[in-house]
Amino acid sequence: GYIFDGTVLFCTKYLEKQQLELLTKNREGETIQIKMKYVGQLEVTDAQQLQVLNLILRRAMEGLKLQLVGRSFFDPKAKHSLNAYCLELWPGYQTSIRQHEQDILLCAEIAHKVMCTDSVYKTLQECHNKSDPLNSFKHEVIGAIVLTDYNNKTYRVDDVDFESSPMSKFKTKDGDISYMEYYKKRYNLHIKDAKQPLLVSRPTERNIRAGQNEFIMLIPELVRSTGLTNAMRSNFSLMRAMSEFTRLAPDR
């Protein structure tokens with residue numbers, strides 16, 4: 001058994017060699033050289049032990065087919081639909097493992113994630129009617145966490161690129177391709193508006209460690225936002241409808 005967090009490999013067997021070199025091939029068929037160096041043993045009293053336990057817990061939640069949104073795991077299959085408000089509530093868990101006096105304790109708390117059923121493109125259309133549509137759209141989406149249904153991943157929107165559109169091309173190993181062609185070819189998705197701007201997501205530290213240091217470009221039409229906006233929070237009837245699912249009594 002072993003656990004790899006992107007940088008450090010924790011394994012249950014002691015490696016005889018202090019340094020180990022392996023060769024493997026990635027999905028593209030390129031040869032990758034891996035160098036492993038022994039750095040020490042993990043004792044029960046080490047602070048890093050909590051990191052290992054948290055990694056085990058994350059793997060277990062992935063095994064339960066839960067979806068990572070932000071830092072917590074949610075269950076899209078057990079969603080509650082609030083059709084009147086074009087929203088979905090995904091139930092899930094917020095967890096933490098910590099040293100508490102003599103013992104290590106796991107805290108598991110029920111959490112819910114709000115998912116919009118409409119795409120970010122609808123927000124773009126709504127902003128068209130405002131006096132400053134470009135800045136209004138930026139204000140609405142920058143900082144939002146969005147979900148892409150085609151690969152079930154979440155991204156943080158860091159900027160909006162009004163110079164680019166789905167017609168823009170990007171490099172692949174088979175040559176340049178436009179976003180429209182790429183999504184049609186890869187996911188069989190047809191983008192209706194060829195002139196919409198693109199959302200920009202900066203690579204996370206984990207992406208950079210994995211060698212993906214380019215900006216991720218997203219199509220508003222193909223992503224939907226997560227979380228509550230200020231307008232939603234001030235909508236009393238919406239908050240009351242949500243509380244039926246989010247405020248759970250002990251028996252539930």
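**Notebook: strands, core and salt bridges**

I began with threonine 148 and found that its bridge partner in E11 is lysine 153. I note that the model is a predicted one.

I then followed the pairing outward. Strand E10 (residues 145-148) pairs with E11 through four bridges, in the antiparallel sense. Both belong to an open sheet of three strands, ordered E11-E10-E17 and paired antiparallel. Strand E11 (153-156) and strand E17 (223-225) are at the edges with a single partner strand each, so one side of each has no neighbour in the sheet. I looked up the turn between neighbouring strands of this sheet, and on average it is 35°, direction ignored.

Next I checked what ties the loop after E10 to other parts. Aspartate 149 makes a salt bridge with arginine 224, with the closest N and O atoms 2.9 Å apart. Aspartate 149 sits in the loop between E10 and E11 and arginine 224 in strand E17, so the pair ties together parts 75 residues apart in sequence. I compared their cover: aspartate 149 is partly exposed at 45% relative accessibility, whereas arginine 224 is buried at 10%.

I looked at a second pair, aspartate 158 and arginine 202, whose side chains meet in a salt bridge at 4.0 Å, N to O. This one also links distant parts of the chain, 44 residues apart: aspartate 158 is in the loop between E11 and strand E12 (159-161), and arginine 202 is in the loop between strand E15 (198-201) and helix H5 (205-209). Aspartate 158 counts as buried at 15% relative accessibility, while arginine 202 is partly exposed at 48%. I also noted a network in which salt bridges with shared partners join Lys79, Glu88, Asp149 and Arg224. My count of salt bridges is eight.

I turned to the interior. The largest nonpolar core has 13 residues, and Val120, Phe137, Val146 and Val223 are among those with the most contacts inside it. Helix H2 (120-128) and helix H3 (133-141) each supply at least two residues of this core. H2 gives the most, with four residues.

Last, I went to the N-terminal strands. Strand E3 (residues 19-25) is hardly covered, as zero of its seven residues are buried. Seven bridges join E3 to strand E4 (residues 31-37), and the two run antiparallel. Glutamine 19 stands opposite lysine 37 in E4. The two strands form a hairpin with five residues between them, and glycine 29 in the turn has a positive phi of about 90°. I also logged a nonpolar surface patch of about 320 Å², made by Tyr2, Phe4 and Leu9.

How values were computed
Residues numbered from 1 in each chain as written. Predicted model: local features only at pLDDT ≥ 70, side-chain atom pairs only at ≥ 80, totals over all residues. Heavy atoms only, no water. Pairing = 2+ DSSP bridges. Axes fitted to C-alpha atoms, helices over the stretch in contact; angles between N-to-C directions. Buried < 20%, exposed > 50% of the residue type's maximum accessible area, 1.4 Å probe, protein only. Patch = residues over 30% accessible without salt bridge, like charges linked within 9 Å, V, L, I, M, F, W, Y side chains within 5 Å. Areas by Shrake-Rupley, 256 points an atom, 1.4 Å probe, with all protein chains shown as cover. Core = buried A, V, L, I, M, F, W, Y, C linked by side-chain atoms within 4.5 Å.
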